[in-house]
2 protein chains.
Amino acid sequence: MIRSKASIIEACAALIAEEGFSGVSIEAVAARSGAAKTTIYRHWPSREALLAEAFGVCADAALPSPDTGSLREDLRVVLGGLTLKLNDAGWCSAIGSLADAAGRDVTLERLHQTTLSTGRRPLTGILERAVERGDLPPGLDIEDAVALIVGPLFYRAMIARQPVAEAFVARAVDAALAELGRART
Amino acid sequence: MIRSKASIIEACAALIAEEGFSGVSIEAVAARSGAAKTTIYRHWPSREALLAEAFGVCADAALPSPDTGSLREDLRVVLGGLTLKLNDAGWCSAIGSLADAAGRDVTLERLHQTTLSTGRRPLTGILERAVERGDLPPGLDIEDAVALIVGPLFYRAMIARQPVAEAFVARAVDAALAELGRART
DNA sequence: GCGGTACGATACGCCGCCGTAGCGAAGTGC
DNA sequence: GCACTTCGCTACGGCGGCGTATCGTACCGC
(Lines give C-alpha, C1' and ligand atoms only; values in the text may rest on other atoms or scores of the structure.)
Protein backbone atom coordinates (compact mmCIF):
# COMPACT_ATOMS: atom_id res chain seq x y z
CA MET A 1 0.00 0.00 0.00
CA ILE A 2 2.65 2.39 1.03
CA ARG A 3 -0.06 4.91 1.74
CA SER A 4 1.72 5.88 4.91
CA LYS A 5 5.10 6.65 3.40
CA ALA A 6 4.16 10.03 2.00
CA SER A 7 2.58 11.25 5.21
CA ILE A 8 5.60 10.11 7.21
CA ILE A 9 8.02 12.00 5.00
CA GLU A 10 5.80 15.05 5.07
CA ALA A 11 5.62 14.99 8.85
CA CYS A 12 9.35 14.46 9.11
CA ALA A 13 10.06 17.37 6.79
CA ALA A 14 7.79 19.62 8.83
CA LEU A 15 9.56 18.58 12.02
CA ILE A 16 12.96 19.26 10.48
CA ALA A 17 11.78 22.74 9.59
CA GLU A 18 10.50 23.30 13.12
CA GLU A 19 12.93 21.50 15.37
CA GLY A 20 16.03 21.29 13.25
CA PHE A 21 17.84 18.31 11.89
CA SER A 22 18.98 16.94 15.22
CA GLY A 23 15.77 17.73 17.06
CA VAL A 24 13.63 15.18 15.26
CA SER A 25 12.73 11.94 17.00
CA ILE A 26 11.08 8.95 15.44
CA GLU A 27 8.40 9.08 18.08
CA ALA A 28 7.58 12.66 17.15
CA VAL A 29 7.37 11.76 13.47
CA ALA A 30 5.05 8.88 14.32
CA ALA A 31 2.80 11.06 16.45
CA ARG A 32 2.61 13.83 13.85
CA SER A 33 2.11 11.62 10.83
CA GLY A 34 -0.45 9.39 12.51
CA ALA A 35 1.67 6.40 11.55
CA ALA A 36 2.89 3.87 14.04
CA LYS A 37 6.54 3.77 15.00
CA THR A 38 6.63 0.22 13.70
CA THR A 39 5.61 1.38 10.25
CA ILE A 40 8.44 3.88 10.09
CA TYR A 41 11.00 1.21 10.90
CA ARG A 42 9.45 -0.98 8.20
CA HIS A 43 10.24 1.65 5.57
CA TRP A 44 13.59 3.00 6.73
CA PRO A 45 16.42 1.11 8.35
CA SER A 46 17.45 3.98 10.58
CA ARG A 47 16.60 7.45 11.74
CA GLU A 48 19.33 8.87 9.47
CA ALA A 49 17.89 7.26 6.36
CA LEU A 50 14.48 8.79 7.00
CA LEU A 51 15.94 12.19 7.79
CA ALA A 52 18.05 12.18 4.66
CA GLU A 53 15.06 11.38 2.49
CA ALA A 54 12.77 13.87 4.21
CA PHE A 55 15.41 16.56 4.08
CA GLY A 56 15.23 16.59 0.32
CA VAL A 57 11.57 17.50 0.52
CA CYS A 58 12.05 20.65 2.54
CA ALA A 59 15.32 21.83 1.00
CA ASP A 60 15.47 20.58 -2.56
CA ALA A 61 12.84 22.73 -4.21
CA ALA A 62 15.01 24.01 -7.02
CA LEU A 63 15.89 27.61 -7.68
CA PRO A 64 14.91 29.09 -11.02
CA SER A 65 17.56 28.60 -13.68
CA PRO A 66 17.24 31.55 -16.05
CA ASP A 67 19.30 32.12 -19.18
CA THR A 68 18.36 35.55 -20.45
CA GLY A 69 21.73 36.40 -21.89
CA SER A 70 22.20 39.13 -19.31
CA LEU A 71 24.31 38.28 -16.27
CA ARG A 72 22.62 40.90 -14.12
CA GLU A 73 19.14 39.78 -15.08
CA ASP A 74 19.97 36.11 -14.55
CA LEU A 75 21.34 36.94 -11.12
CA ARG A 76 18.29 39.02 -10.27
CA VAL A 77 16.00 36.10 -10.98
CA VAL A 78 17.97 33.38 -9.25
CA LEU A 79 18.76 35.49 -6.20
CA GLY A 80 15.12 36.47 -5.96
CA GLY A 81 14.34 32.80 -5.59
CA LEU A 82 17.09 32.36 -3.03
CA THR A 83 15.85 35.36 -1.06
CA LEU A 84 12.43 33.78 -0.76
CA LYS A 85 14.00 30.72 0.81
CA LEU A 86 16.32 32.68 3.07
CA ASN A 87 13.35 34.58 4.42
CA ASP A 88 11.60 31.31 5.24
CA ALA A 89 12.31 30.26 8.81
CA GLY A 90 11.75 26.58 8.10
CA TRP A 91 14.21 26.52 5.24
CA CYS A 92 16.83 28.32 7.30
CA SER A 93 16.29 25.94 10.18
CA ALA A 94 16.70 22.90 7.97
CA ILE A 95 19.81 24.13 6.19
CA GLY A 96 21.36 25.69 9.26
CA SER A 97 20.87 22.73 11.52
CA LEU A 98 22.29 20.40 8.88
CA ALA A 99 25.29 22.65 8.34
CA ASP A 100 25.86 22.63 12.06
CA ALA A 101 25.48 18.88 12.45
CA ALA A 102 27.69 18.27 9.43
CA GLY A 103 30.68 19.26 11.51
CA ARG A 104 30.20 16.23 13.75
CA ASP A 105 29.08 13.50 11.38
CA VAL A 106 30.73 12.49 8.12
CA THR A 107 27.51 11.12 6.69
CA LEU A 108 25.69 14.37 7.34
CA GLU A 109 28.62 16.30 5.91
CA ARG A 110 28.16 14.41 2.65
CA LEU A 111 24.43 15.09 2.65
CA HIS A 112 25.08 18.73 3.30
CA GLN A 113 27.66 19.06 0.54
CA THR A 114 25.35 17.31 -1.89
CA THR A 115 22.52 19.65 -0.98
CA LEU A 116 24.79 22.65 -1.40
CA SER A 117 26.20 21.68 -4.75
CA THR A 118 22.76 20.81 -6.08
CA GLY A 119 21.29 24.02 -4.79
CA ARG A 120 23.86 26.33 -6.26
CA ARG A 121 23.95 24.69 -9.66
CA PRO A 122 21.65 27.31 -11.23
CA LEU A 123 24.01 29.99 -10.00
CA THR A 124 27.17 28.29 -11.21
CA GLY A 125 25.51 27.75 -14.57
CA ILE A 126 24.81 31.45 -14.86
CA LEU A 127 28.39 32.32 -14.00
CA GLU A 128 29.84 29.81 -16.45
CA ARG A 129 27.71 31.13 -19.28
CA ALA A 130 28.73 34.67 -18.39
CA VAL A 131 32.37 33.64 -18.65
CA GLU A 132 31.74 32.05 -22.04
CA ARG A 133 30.08 35.23 -23.26
CA GLY A 134 32.98 37.28 -21.98
CA ASP A 135 30.86 39.10 -19.41
CA LEU A 136 33.17 37.75 -16.75
CA PRO A 137 36.92 37.21 -17.08
CA PRO A 138 38.10 33.72 -18.11
CA GLY A 139 39.63 31.59 -15.41
CA LEU A 140 37.13 32.89 -12.86
CA ASP A 141 37.08 30.86 -9.67
CA ILE A 142 33.43 29.83 -9.54
CA GLU A 143 33.59 28.83 -5.88
CA ASP A 144 34.91 32.22 -4.88
CA ALA A 145 32.37 33.96 -7.05
CA VAL A 146 29.44 32.08 -5.52
CA ALA A 147 30.63 32.89 -2.01
CA LEU A 148 31.08 36.54 -2.87
CA ILE A 149 27.58 36.79 -4.30
CA VAL A 150 25.47 34.79 -1.88
CA GLY A 151 27.65 35.14 1.22
CA PRO A 152 26.14 38.44 2.35
CA LEU A 153 22.62 37.05 1.85
CA PHE A 154 23.28 33.90 3.86
CA TYR A 155 24.99 35.94 6.55
CA ARG A 156 22.04 38.26 6.82
CA ALA A 157 19.49 35.48 7.08
CA MET A 158 21.25 32.73 8.98
CA ILE A 159 23.89 34.44 11.11
CA ALA A 160 22.46 37.89 11.81
CA ARG A 161 19.03 36.26 11.56
CA GLN A 162 17.37 39.25 9.96
CA PRO A 163 15.18 39.53 6.90
CA VAL A 164 16.89 39.88 3.53
CA ALA A 165 15.64 42.96 1.70
CA GLU A 166 15.62 43.31 -2.05
CA ALA A 167 17.73 46.45 -1.92
CA PHE A 168 20.39 44.61 0.04
CA VAL A 169 20.48 41.85 -2.55
CA ALA A 170 21.07 44.49 -5.19
CA ARG A 171 23.99 45.92 -3.23
CA ALA A 172 25.51 42.47 -2.78
CA VAL A 173 25.28 41.85 -6.52
CA ASP A 174 26.82 45.22 -7.30
CA ALA A 175 29.67 44.55 -4.90
CA ALA A 176 30.40 41.08 -6.22
CA LEU A 177 30.20 42.09 -9.88
CA ALA A 178 32.47 45.07 -9.31
CA GLU A 179 35.10 42.71 -7.98
CA LEU A 180 34.53 39.78 -10.33
CA GLY A 181 34.63 42.01 -13.39
CA ARG A 182 38.20 42.95 -12.65
CA ALA A 183 41.14 41.00 -14.04
CA ARG A 184 42.53 38.79 -11.31
CA THR A 185 45.65 39.81 -9.47
CA MET B 1 36.42 27.25 47.81
CA ILE B 2 34.81 27.54 44.44
CA ARG B 3 37.82 25.74 43.03
CA SER B 4 35.53 23.63 40.90
CA LYS B 5 33.77 26.47 39.10
CA ALA B 6 36.59 27.22 36.68
CA SER B 7 37.08 23.61 35.66
CA ILE B 8 33.35 23.18 35.13
CA ILE B 9 33.15 26.20 32.82
CA GLU B 10 36.22 25.08 30.97
CA ALA B 11 34.80 21.60 30.42
CA CYS B 12 31.47 23.04 29.34
CA ALA B 13 33.13 25.36 26.85
CA ALA B 14 35.09 22.47 25.40
CA LEU B 15 31.91 20.42 25.05
CA ILE B 16 30.11 23.29 23.34
CA ALA B 17 32.96 23.48 20.85
CA GLU B 18 32.80 19.74 20.24
CA GLU B 19 29.14 18.84 20.48
CA GLY B 20 27.43 22.13 19.79
CA PHE B 21 25.24 24.22 21.97
CA SER B 22 22.36 21.79 22.19
CA GLY B 23 24.52 18.69 22.45
CA VAL B 24 25.82 19.41 25.91
CA SER B 25 24.43 17.53 28.88
CA ILE B 26 25.10 18.25 32.53
CA GLU B 27 26.24 14.69 33.02
CA ALA B 28 28.84 15.09 30.30
CA VAL B 29 30.11 18.31 31.83
CA ALA B 30 30.36 16.61 35.19
CA ALA B 31 32.25 13.64 33.78
CA ARG B 32 34.66 15.82 31.82
CA SER B 33 35.34 18.36 34.52
CA GLY B 34 35.74 15.80 37.27
CA ALA B 35 33.13 17.67 39.27
CA ALA B 36 30.03 16.03 40.63
CA LYS B 37 26.68 16.77 39.07
CA THR B 38 25.56 18.06 42.44
CA THR B 39 28.30 20.67 42.43
CA ILE B 40 27.18 22.00 39.07
CA TYR B 41 23.64 22.45 40.29
CA ARG B 42 25.02 24.23 43.35
CA HIS B 43 26.61 26.88 41.14
CA TRP B 44 24.07 27.31 38.38
CA PRO B 45 20.30 27.12 38.65
CA SER B 46 19.82 25.51 35.26
CA ARG B 47 21.54 24.04 32.26
CA GLU B 48 20.88 27.25 30.33
CA ALA B 49 22.61 29.44 32.89
CA LEU B 50 25.74 27.34 32.75
CA LEU B 51 25.74 27.19 28.98
CA ALA B 52 25.31 30.93 28.68
CA GLU B 53 28.26 31.57 30.97
CA ALA B 54 30.47 28.96 29.36
CA PHE B 55 29.58 30.17 25.91
CA GLY B 56 31.26 33.47 26.61
CA VAL B 57 34.53 31.66 27.23
CA CYS B 58 34.70 29.96 23.87
CA ALA B 59 33.21 32.75 21.74
CA ASP B 60 33.99 36.05 23.43
CA ALA B 61 37.74 36.31 22.87
CA ALA B 62 37.71 39.76 21.33
CA LEU B 63 38.83 40.63 17.84
CA PRO B 64 41.63 43.16 17.48
CA SER B 65 40.39 46.73 17.33
CA PRO B 66 42.91 48.62 15.23
CA ASP B 67 42.81 52.33 14.42
CA THR B 68 45.60 52.96 11.95
CA GLY B 69 43.88 55.74 10.06
CA SER B 70 43.66 53.54 6.97
CA LEU B 71 40.37 51.78 6.35
CA ARG B 72 41.98 49.04 4.31
CA GLU B 73 44.67 48.39 6.89
CA ASP B 74 42.17 48.37 9.75
CA LEU B 75 40.04 45.89 7.86
CA ARG B 76 43.03 43.74 7.08
CA VAL B 77 43.86 43.42 10.75
CA VAL B 78 40.37 42.83 12.10
CA LEU B 79 39.45 40.40 9.34
CA GLY B 80 42.69 38.56 9.90
CA GLY B 81 41.54 37.95 13.45
CA LEU B 82 38.11 36.91 12.27
CA THR B 83 39.61 34.51 9.75
CA LEU B 84 41.53 32.76 12.50
CA LYS B 85 38.27 32.14 14.34
CA LEU B 86 36.37 31.10 11.23
CA ASN B 87 39.04 28.51 10.49
CA ASP B 88 38.66 27.08 13.98
CA ALA B 89 36.16 24.24 14.02
CA GLY B 90 35.29 24.73 17.67
CA TRP B 91 34.45 28.37 17.23
CA CYS B 92 32.30 27.63 14.19
CA SER B 93 30.51 24.88 16.04
CA ALA B 94 29.76 27.12 18.99
CA ILE B 95 28.53 30.07 16.94
CA GLY B 96 26.72 27.95 14.38
CA SER B 97 24.88 25.79 16.84
CA LEU B 98 23.80 28.83 18.82
CA ALA B 99 22.62 30.59 15.68
CA ASP B 100 20.63 27.50 14.81
CA ALA B 101 19.13 27.09 18.26
CA ALA B 102 18.31 30.79 18.44
CA GLY B 103 15.51 30.21 15.99
CA ARG B 104 13.65 28.09 18.50
CA ASP B 105 14.29 29.77 21.83
CA VAL B 106 13.86 33.45 22.63
CA THR B 107 16.42 33.35 25.41
CA LEU B 108 19.04 31.87 23.12
CA GLU B 109 18.12 34.39 20.46
CA ARG B 110 18.99 37.16 22.91
CA LEU B 111 22.28 35.51 23.80
CA HIS B 112 23.08 35.10 20.14
CA GLN B 113 22.30 38.71 19.29
CA THR B 114 24.36 39.92 22.23
CA THR B 115 27.30 37.80 21.12
CA LEU B 116 26.96 39.09 17.58
CA SER B 117 26.78 42.76 18.44
CA THR B 118 29.68 42.45 20.85
CA GLY B 119 31.76 40.55 18.36
CA ARG B 120 31.34 42.95 15.50
CA ARG B 121 31.93 46.09 17.53
CA PRO B 122 35.56 46.40 16.39
CA LEU B 123 34.36 46.27 12.80
CA THR B 124 31.57 48.79 13.26
CA GLY B 125 34.04 51.08 15.01
CA ILE B 126 36.36 50.93 12.02
CA LEU B 127 33.52 51.73 9.64
CA GLU B 128 32.26 54.62 11.73
CA ARG B 129 35.70 56.17 11.91
CA ALA B 130 36.07 55.74 8.16
CA VAL B 131 32.82 57.60 7.65
CA GLU B 132 34.01 60.40 9.93
CA ARG B 133 37.25 60.68 7.96
CA GLY B 134 35.32 60.76 4.73
CA ASP B 135 36.77 57.48 3.50
CA LEU B 136 33.24 56.15 3.30
CA PRO B 137 30.16 58.13 2.30
CA PRO B 138 28.08 59.68 5.12
CA GLY B 139 24.80 57.98 5.94
CA LEU B 140 26.34 54.57 5.35
CA ASP B 141 24.17 51.73 6.63
CA ILE B 142 26.58 50.02 9.03
CA GLU B 143 24.51 46.84 9.23
CA ASP B 144 24.56 46.44 5.46
CA ALA B 145 28.24 47.21 5.32
CA VAL B 146 29.12 44.61 7.95
CA ALA B 147 27.10 41.97 6.12
CA LEU B 148 28.72 42.84 2.80
CA ILE B 149 32.20 42.56 4.25
CA VAL B 150 32.01 39.52 6.49
CA GLY B 151 29.16 37.69 4.75
CA PRO B 152 31.37 35.92 2.20
CA LEU B 153 33.77 34.86 4.96
CA PHE B 154 31.04 33.43 7.16
CA TYR B 155 29.48 31.70 4.17
CA ARG B 156 32.76 30.10 3.23
CA ALA B 157 33.45 28.84 6.75
CA MET B 158 30.04 27.98 8.14
CA ILE B 159 27.84 27.20 5.16
CA ALA B 160 30.20 25.83 2.53
CA ARG B 161 32.34 24.60 5.42
CA GLN B 162 35.63 25.21 3.70
CA PRO B 163 38.77 26.99 4.88
CA VAL B 164 38.91 30.75 4.47
CA ALA B 165 42.02 31.75 2.55
CA GLU B 166 43.73 35.10 2.89
CA ALA B 167 43.38 35.83 -0.80
CA PHE B 168 39.63 35.30 -0.58
CA VAL B 169 39.39 37.73 2.31
CA ALA B 170 41.17 40.29 0.16
CA ARG B 171 38.68 39.78 -2.65
CA ALA B 172 35.75 40.14 -0.25
CA VAL B 173 37.18 43.40 1.05
CA ASP B 174 37.76 44.69 -2.48
CA ALA B 175 34.22 43.82 -3.45
CA ALA B 176 32.65 45.42 -0.40
CA LEU B 177 34.73 48.58 -0.60
CA ALA B 178 34.01 49.00 -4.29
CA GLU B 179 30.31 49.02 -3.47
CA LEU B 180 30.43 50.95 -0.20
CA GLY B 181 32.59 53.68 -1.71
CA ARG B 182 29.86 54.58 -4.14
CA ALA B 183 27.20 57.15 -3.37
CA ARG B 184 24.01 55.34 -2.45
CA THR B 185 21.22 55.05 -4.97
C1' DG C 1 -14.37 -13.46 -0.54
C1' DC C 2 -9.85 -15.18 0.25
C1' DG C 3 -4.93 -14.80 0.84
C1' DG C 4 -1.44 -11.68 1.35
C1' DT C 5 0.30 -7.32 2.49
C1' DA C 6 0.58 -2.92 4.83
C1' DC C 7 -0.66 -1.03 8.72
C1' DG C 8 -1.99 0.60 13.89
C1' DA C 9 -1.75 -0.28 18.70
C1' DT C 10 0.54 -1.79 22.64
C1' DA C 11 4.15 -3.37 25.38
C1' DC C 12 8.82 -4.41 26.24
C1' DG C 13 13.90 -3.68 28.01
C1' DC C 14 17.47 -0.50 27.57
C1' DC C 15 19.72 3.71 27.93
C1' DG C 16 20.82 8.60 28.82
C1' DC C 17 19.55 12.49 30.93
C1' DC C 18 17.00 15.24 34.25
C1' DG C 19 16.99 17.50 38.94
C1' DT C 20 17.14 16.23 44.00
C1' DA C 21 18.60 14.13 48.43
C1' DG C 22 21.64 12.29 51.86
C1' DC C 23 26.15 11.43 53.45
C1' DG C 24 31.00 11.58 54.39
C1' DA C 25 35.43 13.64 53.33
C1' DA C 26 38.23 17.09 52.24
C1' DG C 27 39.62 22.03 52.43
C1' DT C 28 39.17 27.02 54.64
C1' DG C 29 38.72 30.78 58.13
C1' DC C 30 39.62 32.27 62.54
C1' DG D 1 41.88 22.57 66.00
C1' DC D 2 37.15 23.48 65.54
C1' DA D 3 33.33 25.05 63.10
C1' DC D 4 31.91 25.84 58.58
C1' DT D 5 31.86 25.61 53.77
C1' DT D 6 32.63 23.24 49.55
C1' DC D 7 32.83 19.33 47.39
C1' DG D 8 32.59 14.12 45.53
C1' DC D 9 29.95 10.05 45.60
C1' DT D 10 25.92 7.31 45.32
C1' DA D 11 21.26 6.61 44.76
C1' DC D 12 16.70 7.94 43.57
C1' DG D 13 12.16 8.50 40.62
C1' DG D 14 10.79 10.28 36.41
C1' DC D 15 10.91 11.07 31.56
C1' DG D 16 11.63 10.46 26.71
C1' DG D 17 13.70 8.28 23.11
C1' DC D 18 15.55 3.98 21.11
C1' DG D 19 14.70 -0.35 18.35
C1' DT D 20 12.06 -4.82 18.60
C1' DA D 21 8.26 -8.14 19.10
C1' DT D 22 3.59 -9.45 19.07
C1' DC D 23 -1.10 -9.22 17.78
C1' DG D 24 -5.23 -7.68 15.63
C1' DT D 25 -7.10 -5.42 11.65
C1' DA D 26 -8.04 -2.99 7.49
C1' DC D 27 -7.09 -2.86 2.76
C1' DC D 28 -5.45 -4.77 -1.71
C1' DG D 29 -5.54 -7.73 -6.00
C1' DC D 30 -7.55 -11.35 -8.25
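**Notebook: DNA strand D, the chain pair and the domains of chain A**

I began with the make-up of the surface near DNA strand D, which by class holds 7 nonpolar, 7 polar and 5 charged residues. I note at the outset that this is a predicted model, and I read every value below as computed from it.

**Entry 1: around DNA strand D**

I counted 19 residues surrounding DNA strand D, and I wrote down the closest as A:K37, A:Y41, B:T38, B:T39 and B:H43. When I asked which parts of DNA strand D lie within 4 Å of the protein, I found that 54% of those atoms belong to sugar or phosphate, while the rest belong to bases.

I then looked up individual atom pairs, taking the bases before the backbone. In the side chain of A:K37, an N or O atom is 2.6 Å from a base oxygen of DNA strand D, and a polar side-chain atom of A:T38 lies 3.3 Å from a base nitrogen of that strand. For B:H43 the partner is a phosphate oxygen of DNA strand D, 2.8 Å from an N or O atom in the side chain. I next listed the elements that give two or more residues to this surface, and they are α2 (26-33) and α3 (37-43) of chain A together with α1 and α3 (37-43) of chain B. Of the elements, α3(B) gives the most, with 4 residues.

**Entry 2: where chain B meets chain A**

I turned from the DNA to the contact between the two protein chains, which takes 43 residues from chain B and 43 residues from chain A. The area buried between them is about 3600 Å², and carbon and sulfur atoms give 54% of that area.

How many salt bridges does the rule find across the interface of chain B and chain A? I recorded 8 salt bridges, and as one of these I looked up the pair B:R156 and A:D144, whose closest N and O atoms are 3.1 Å apart. I also noted 15 residue pairs in polar contact between chain B and chain A, both residues of each being at pLDDT 80 or more.

On the side of chain B that touches chain A, at least two residues each come from α1 (3-19), α6 (89-102), α7 (106-119), α9 (142-159) and α10 (166-180) of chain B. The largest share of that side comes from α9(B), with 13 residues. By class, I found 19 nonpolar, 9 polar and 15 charged residues on this side of chain B.

**Entry 3: the two domains of chain A**

I last looked within chain A, which is divided into domain 1 (3-55) and domain 2 (60-180), their C-alpha centres lying 28 Å apart. The contact between the domains takes 7 residues from domain 1 and 10 residues from domain 2. Together they bury about 710 Å², with 75% of it on carbon and sulfur atoms. Three residues, A:A17, A:F21 and A:F55, supply 72% of the area that domain 1 buries against domain 2, more than any other three residues.

I counted 0 salt bridges between these domains of chain A, although 3 residue pairs are in polar contact there, with both residues at pLDDT 80 or more. On the side of domain 1 that touches domain 2, the elements giving two or more residues are α1 (3-19) and α4 (47-59) of chain A, and α1(A) has the largest share, 3 residues. I closed the entry with the classes on that side of domain 1, which are 5 nonpolar, 1 polar and 1 charged.

Note on methods: Residues are numbered from 1 along each chain as its sequence is written. Chains are lettered from A and ligands numbered from 1 in the order in which they are written. This is a predicted model: local features need pLDDT of at least 70, side-chain atom pairs count only at pLDDT 80 or more; totals for chains, interfaces and linings use all residues. Side-chain values use heavy atoms; hydrogens and water are left out. Contact means heavy atoms within 4.5 Å. Buried area is the accessible area (1.4 Å probe) that two parts lose on being put together, summed over both. A salt bridge is a side-chain nitrogen of Lys or Arg within 4 Å of a carboxyl oxygen of Asp or Glu. A polar contact is a pair of N or O atoms within 3.5 Å; within protein, one must be able to donate a hydrogen and the other to accept it, and residues adjacent in sequence count only if both atoms are side-chain atoms. Ala, Val, Leu, Ile, Met, Phe, Trp, Tyr, Cys and Pro count as nonpolar, Asp, Glu, Lys and Arg as charged, and the others, Gly among them, as polar. A residue is near a molecule or strand if one of its heavy atoms lies within 4 Å of it. Domain bounds come from an automatic or database domain assignment.
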